[in-house]
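Student: I've got a model open and I'd like to talk through how its fold gets described. Could we go over the reasoning behind the terms?

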Amino acid sequence: MEFSATVTFSALMQQVLVGLSRTTILFIVASGLSLVLGVLRIPNVAHGSLYMTGAFVTYTVATLFGQSTLGFWLALIVAPLVVALLSFIAERGLFCHLYEREHMMLLLFTFAFSLVIGDLVKLVWGSDYRSLVAPVFLQGSFSISGFPFPRYNLFLLVIGPLVAAGLWFLTNKTKIGKIARAAAVDREMVGAIGINVSWVFAAVFVIGCYLAGLGGALVAPTQNITQGMDHAIIIEAFLIVIIGGLGNIWGALLGALIFGLTDSIGILLWPQFAIVFPYVAVVTVLLFRPQGLLKSTW
Amino acid sequence: MLRVENIHTYYQLSHILFGVSLEVGQGEIVCLLGRNGAGKSTTMKSIMGLTPPKQGTIEFKGKVCTGHKPYLMARMGIGFVPDDRRVFADLTVGENLEISERNVHEGGWNKDRVYNFFPALRSIDARRAGFLSGGEQQMLTIARALMTNPDFILLDEPTEGLAPLIVNMLEEQIARLKESGLTVLLAEQNLEVALRLSDRGYVIDNGAIQYHGTRDDLSSNEAVRNKYLCV
């Protein structure tokens with residue numbers, strides 16, 4: 001057991017930046033999960049599988065273009081859309097018939113759905129892992145007070161706030177966002193003012209799954225793209241949604257910050273036990289705020 | 001305009017309505033009187049399609065629409081004002097109205113006209129609906145129903161639990177709605193308000209219509225009032 005006694009300020013700053021870029025991915029994935037959970041009341045276990053699909057599709061599209069810069073941008077646009085299309089088919093074909101069922105049924109159903117997607121991914125891409133290089137201008141590192149900081153992480157730090165702003169705009173300024181917020185609380189009454197809630201749900205589901213695909217696309221150049229990345233992310237995403245407050249997008253942001261930062265700072269403080277830190281943070285939050293940090297829509 | 005014939009409605013296994021029939025003609029205000037639990041709200045919800053009846057028919061504007069989804073009933077021109085108000089608490093007053101806007105046309109209801117109708121709402125446009133007083137919430141639910149530009153409104157106990165001053169104001173506004181050509185089915189426990197507003201009335205008890213008559217019949221028939229309406 002070895003405590004690193006000399007935690008310098010610049011090392012800390014570096015880890016904070018790394019943690020924030022991890023936060024970006026976690027936030028994008030968890031906000032999508034939270035949106036679906038809040039409005040449709042579906043605990044979508046397959047959300048992680050859609051994230052994995054997004055990563056694999058990103059790999060394929062980028063590779064079609066020789067992993068060039070153009071290929072990367074194209075993949076970043078196409079992959080989340082492919083995932084959104086997949087989720088749209090699943091929603092209209094399957095999910096939309098199940099909204100009235102109890103949660104346990106929905107949970108089992110989405111779990112089954114996650115297994116099906118997992119196997120489809122295995123069929124299409126095989127069980128080997130893939131890797132994708134970031135486009136040239138995002139490769140390498142900046143030097144921040146003497147410590148190297150990967151350019152790609154900086155790119156993530158730009159994307160994160162953009163997605164957050166986009167989600168804020170969507171939920172607060174657009175009609176579909178306002179309707180979704182109303183439906184989250186009282187779907188029956190939304191129907192009684194003449195809105196076909198079924199299509200609102202389809203839209204929200206697709207947007208939520210798009211975010212899973214986007215998260216997968218953005219994470220692709222930073223890690224091995226492999227079977228199993230679905231399970232890892234879904235557990236983290238659910239924990240984030242739970243500590244943030246079910247269905248609250250800003251709660252997802254807060255939860256992702258806590259998870260991302262405790263993880264990266266934990267690595268600095270006590271590398272061998274780093275994995276424990278975010279979970280301790282989750283337990284601590286739940287001890288004091290079992291209903292989550294921000295207001296849940298449930 | 002609306003014809004309900006012999007409907008039977010259940011909540012899961014409990015049988016709530018036993019063959020309710022009623023009719024509302026174009027431009028009328030018809031009241032549905034009854035005690036708590038008599039079946040007023042269930043009748044309203046059955047018409048709206050929220051608790052579709054298992055038997056019987058509902059006909060609106062000459063079309064049979066039994067078992068239609070609530071959003072289709074709303075699109076056919078029925079506005080629904082539930083007794084528990086159910087404003088969209090997370091949305092502002094203005095947003096509540098914006099998402100309800102439907103069938104926009106010249107001379108129809110829009111946010112501005114609704115605010116002229118309930119001036120108190122204009123000043124709280126940006127306030128979250130969850131933070132409103134009971135009277136304000138009631139105005140908002142009626143305003144929300146008006147935003148859908150209905151031809152017919154189901155008003156479920158609009159005066160319940162409100163201060164007398166607000167009850168008077170609402171009463172005047174409901175009378176004005178009738179003047180503007182709207183047809184209303186009004187569920188009420190408050191006999192005086194109901195009789196002042198309506199042309200005809202039905203008395204419901206134990207899930208079945210027990211009496212039907214004009215306003216004058218109802219106000220003169222003490223036996224019916226004592227039997228079905230006194231607590």
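Tutor: Sure, let's take chain B from its overall dimensions down to its sheet, keeping in mind that this is a predicted model.

Student: How do you know what kind of overall shape chain B has?

Tutor: The rule for a compact globule of 231 residues gives a radius of gyration near 17 Å, and chain B has 17 Å, so the value agrees with a compact globule. Along the principal axes, the C-alpha trace spans about 45 × 35 × 35 Å.

Student: What share of chain B is called buried?

Tutor: That's 42% of the 231 residues. The cut-off is 20 or more other C-beta atoms within 10 Å of a residue's own.

Student: What makes E6 and E10 of chain B edge strands?

Tutor: Start with the order of the open six-stranded sheet: E6-E7-E8-E3-E9-E10, with mixed pairing. Strand E6 (78–81) and strand E10 (208–214) each pair on one side only, so they count as edges, given that pairing takes at least two bridges. From one strand to the next, the twist averages 15°.

Student: Why are E3 and E8 of chain B called paired?

Tutor: Two bridges is the minimum, and E3 (residues 29–33) has five to E8 (residues 183–188), so they pair, and they run parallel. Across that pairing, B:Cys31 stands opposite B:Leu186.

Student: Which helix lies across E6 and E7 of chain B?

Tutor: That's H6 (residues 134–147), running at about 165° to E6. Helix H10 (residues 222–229) lies across E3, E9 and E10, at about 40° to E9.

Note on methods
Residues numbered from 1 in each chain as written. Chains lettered and ligands numbered in written order. Predicted model: local features only at pLDDT ≥ 70, side-chain atom pairs only at ≥ 80, totals over all residues. Rg over C-alpha atoms; globule rule 2.2 N^0.38 Å. Buried ≥ 20, exposed ≤ 12 C-beta atoms within 10 Å, placed from the backbone. Helix = DSSP H or I, 4+ residues; strand = E, 2+ residues; numbered from the N terminus. Axes fitted to C-alpha atoms, helices over the stretch in contact; angles between N-to-C directions. Contact = placed C-beta atoms within 7 Å.
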